Each structure stands twice: as structure tokens, then as C-alpha cells.
Amino acid sequence: MTTRTLQFKIYRYDPDQDQKPYMQDIAVEVDSTDRKLLDALVKLKAVDDSIAFRRSCREGVCGSDALNINGRNGLACLTDLGSFPDGKPIVLRPLPGLPIIRDLIVDMTQFFKQYHSIKPYLINNDPPPERERLQSPEDREELDGLYECILCACCSTSCPSFWWNPDKFVGPAGLLAAYRFIADTRDQATNERLDNLEDPYRLFRCHTIMNCVDVCPKGLNPTKAIGKIKDMMVKRAI
Amino acid sequence: MVNRKIVGAHYGLKDWLAQRVTGVVMVVFTLVVAAALLQGAGGSYDSWRAFMSAGLMRFATFLFIVSLCWHAWVGVRDIWMDYVQPAGIKLALHVLTLLALVGYAGWAAQIIWRL
Ligand code: SF4
Ligand code: SF4
Ligand code: FES
């Protein structure tokens with residue numbers, strides 16, 4: 001089996017021991033069965049078991065292993081090892097803009113607070129029908145590209161507007177989720193949802209920089225969803 | 001005041017829309033002036049004066065100046081909102097920006113009326 005050695009530069013910080021963060025140089029041997037960055041990270045853990053990172057599903061479903069990889073946010077489990085050029089160290093940092101708990105683990109509280117603030121659940125006060133609330137196939141189609149979000153936070157933590165005002169700007173992930181419920185024909189709270197977002201900070205901090213679209217590992221387009229929310233607000237107002 | 005993060009001012013759509021509309025006005029005005037310059041309107045003082053003092057151009061120039069100031073108001077305030085956190089300083093900057101822009105608009109209007 002062919003093996004190759006990968007060089008890493010990894011952001012390390014343990015608030016219990018370190019005065020300040022530092023970058024650790026470390027190498028690990030991978031073989032041809034190691035296909036993704038996460039595979040290499042798991043092997044790294046065997047070299048130095050003090051390195052801390054999150055992961056769970058290892059297949060792009062749980063959204064827990066989002067990292068800043070060579071300056072770009074992405075999921076370790078979806079990043080091909082083959083995509084890294086030989087001879088250059090792979091630089092791993094935690095997601096930017098969030099408080100760091102340890103090494104590559106960030107505190108996502110602020111991110112989820114914003115997500116919860118848009119009421120990410122169906123609001124419908126009619127008594128539920130015997131079987132289910134129905135939608136036409138066309139209405140259902142509008143939810144494609146919205147419901148697939150795994151809340152990995154790659155997008156929001158690459159958005160400068162979210163860096164400056166994480167406590168006030170909902171951020172691309174939250175706004176994508178907001179539109180998912182605004183667009184749902186079974187939801188009855190459309191007006192309240194639009195009211196809730198019509199705010200210079202909550203929605204209008206988005207300056208269409210499109211970093212979010214660039215990094216989403218699921219190929220989703222928060223900017224487009226944000227544009228549709230703005231369109232609906234305009235339609236409602238004129 | 002209690003130390004809580006509060007948002008929900010329920011405005012922003014009009015500013016966002018105004019930013020777009022005023023942007024279009026400025027682009028159209030710029031194209032008109034550029035076309036006039038290409039046709040030699042700037043050749044002499046008299047031809048330039050004749051071009052700028054036509055009724056339609058006075059109307060358009062005033063519209064351009066109002067658009068410019070309004071556009072600048074939304075844009076500059078966005079910068080304060082993004083980068084300035086303390087509410088007091090932010091309010092002061094907003095007021096200063098507004099006063100400066102209103103002053104500029106008035107000054108510009110005086111110049112056009114003088115034509
Ligand atoms: S929109 Fe994409 S990048 Fe953002 S949280 Fe969802 S899956 Fe992650
Ligand atoms: S398009 Fe909006 S939400 Fe996406 S990165 Fe840019 S400012 Fe942030
Ligand atoms: S480990 Fe679950 S998304 Fe990567």
C-alpha cells in the first residue's frame with residue numbers, strides 16, 4: 001500500500017494550560033484508504049492525543065467537523081486529501097469569529113441563538129388533519145436547497161457581517177432557515193416572520209458579499225434565499 | 001438600562017430599496033453626462049453652461065444630488081453599523097453624517113439655482 005506523509009500546521013489552544021494560542025507543526029502518515037481530511041485527523045489524534053476537534057457522522061450529515069482549512073471554511077469529512085498539493089503544510093484553524101473552547105473546537109452558542117431566533121419550526125394553528133398537512137409537488141419544490149442545511153456554520157463564520165455583529169445579524173444559516181419556513185405553504189406565520197426580520201441588523205446587515213455561497217459544503221445558496229426574503233418584503237410593502 | 005442585546009427596529013427595507021433606486025438614478029445621470037461630454041458639450045464654458053442650465057438638466061442634476069446624498073447616507077450609516085459598537089458614538093456619527101449630507105445637498109442646490 002502506498003503511503004504518504006502529510007504536514008500539518010494546527011491551531012492549538014488549551015485555556016487551562018496555554019498563555020496564548022500557537023500553531024503546532026505535526027506530520028502524519030496516511031495510506032490509500034485514507035481519503036478525506038477527517039481520516040488524516042483521526043490518525044493525527046493517534047500521534048498526539050491532546051489535539052481536540054469535533055466529528056461524528058464522518059459523511060457530511062451532522063455538521064460537527066467544520067474547520068478553517070487553508071484559510072477556507074469546510075467540512076473535514078468532505079475535503080479530499082487529494083485536493084492538497086504535495087509539500088505544502090495543511091493549515092487548520094477553528095472556524096473564525098466564534099469563541100474558542102479548545103484547539104479546533106468553537107463555542108457555537110451565538111450561532112444557534114440566531115438560528116432559534118427565527119423560530120425554526122412550522123407554525124400552523126389549524127387542527128392537524130387525520131394524516132398529514134399536504135403540499136402540491138410544486139410548493140414542495142420551493143423547499144429544495146433550503147431544508148438540506150446541516151447547520152455546520154461554515155457560512156455564517158465566513159460572513160464578515162456576522163463577524164462584526166454576531167449578536168444582532170441572523171447570519172446566512174439562520175436566514176436560509178428563515179426562508180425555508182417563509183416559503184413553506186403549510187406555515188401560517190409568514191407575516192410575523194417577515195416582521196421579525198425587517199430590521200437593519202437582523203436581515204439588512206447582509207451586503208451580498210456571498211462568502212456564504214462560496215463555502216457551503218452542501219452547495220446551498222443563502223444569498224439567494226436572502227434575496228427572496230427581500231423580494232417578499234418589497235412585494236408586501238408596495 | 002439593563003444590559004441586553006435588543007434588535008427589532010422594524011425598518012431597513014426602505015433604505016435598502018432607496019439604495020438601489022438612487023444607485024440607478026446616479027448611473028443614468030452619469031451616462032447622460034458622459035454622452036454629452038463625448039458630443040463636445042464640455043468644449044467651451046458657454047456650451048457647458050447651456051447644457052447644464054437647460055430645464056431638464058436642472059431637474060436631473062437636482063435629482064442626482066438628492067440621490068447621491070441619500071445613497072451616501074445609507075452606505076455610510078452601514079459602515080457605522082458594521083464597525084462601531086458603542087451606541088453613543090454610533091448615534092453621534094449618524095447625526096454628523098446626516099448634518100454633513102444635508103449641508104452638502106443645500107449647498108449643491110444653491111449652485112444649481114445660480115446657473
Ligand atoms: S447553509 Fe451550508 S454552510 Fe451554512 S450552515 Fe447550512 S450547510 Fe452549513
Ligand atoms: S451574502 Fe450576506 S450572508 Fe452571505 S456572506 Fe455575504 S453578507 Fe454574509
Ligand atoms: S463528521 Fe459529520 S459532517 Fe463531518
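**Two ligand shells and a helix pair in chain A**

In chain A, two helices, α7 (211-215) and α8 (222-237), each supply at least two residues of the shell around ligand 2. Bear in mind that this is a predicted model.

Look closer at ligand 2. Its surroundings include Asn211(A) and Cys212(A), along with Thr223(A) and Ile226(A). A run of neighbours from Cys206(A) through His207(A), Thr208(A), Ile209(A) and Met210(A) also belongs to the shell. Cys159(A), Ser161(A) and Pro172(A) complete the list. What is the chemical make-up of the shell around ligand 2? It divides into 7 nonpolar residues, 5 polar ones and no charged ones.

Now turn to ligand 1. Around it sit Cys149(A), Ile150(A), Leu151(A), Cys152(A), Ala153(A), Cys154(A) and Cys155(A). Ala173(A) and Leu176(A) are there too, as are Cys216(A), Pro217(A) and Lys218(A). This shell has 11 nonpolar residues, no polar ones and 1 charged one.

Next comes the helix pair. Helix α5 of chain A covers residues 171-182, and helix α6 of chain A covers residues 190-197. Their axes come within 9 Å and cross at roughly 155 degrees. Angles over 145 degrees count as roughly antiparallel, so α5(A) is roughly antiparallel to α6(A). The crossing of the two is left-handed.

Which residues meet where α5(A) and α6(A) touch? From α5(A) come Leu175(A), Ala178(A), Phe181(A) and Ile182(A). From α6(A) come Thr190(A), Arg193(A), Leu194(A) and Leu197(A). The residues of this contact divide into 6 nonpolar, 1 polar and 1 charged.

Technical notes
Residues numbered from 1 in each chain as written. Chains lettered and ligands numbered in written order. Predicted model: local features only at pLDDT ≥ 70, side-chain atom pairs only at ≥ 80, totals over all residues. Heavy atoms only, no water. Axes fitted to C-alpha atoms, helices over the stretch in contact; angles between N-to-C directions. Helix = DSSP H or I, 4+ residues; strand = E, 2+ residues; numbered from the N terminus. Parallel < 35°, antiparallel > 145°, perpendicular 65-115°, else oblique. Left-handed = near helix turned anticlockwise from the far one by under 90°. Contact = heavy atoms within 4.5 Å. Nonpolar A, V, L, I, M, F, W, Y, C, P; charged D, E, K, R; others polar. Near = heavy atom within 4 Å.
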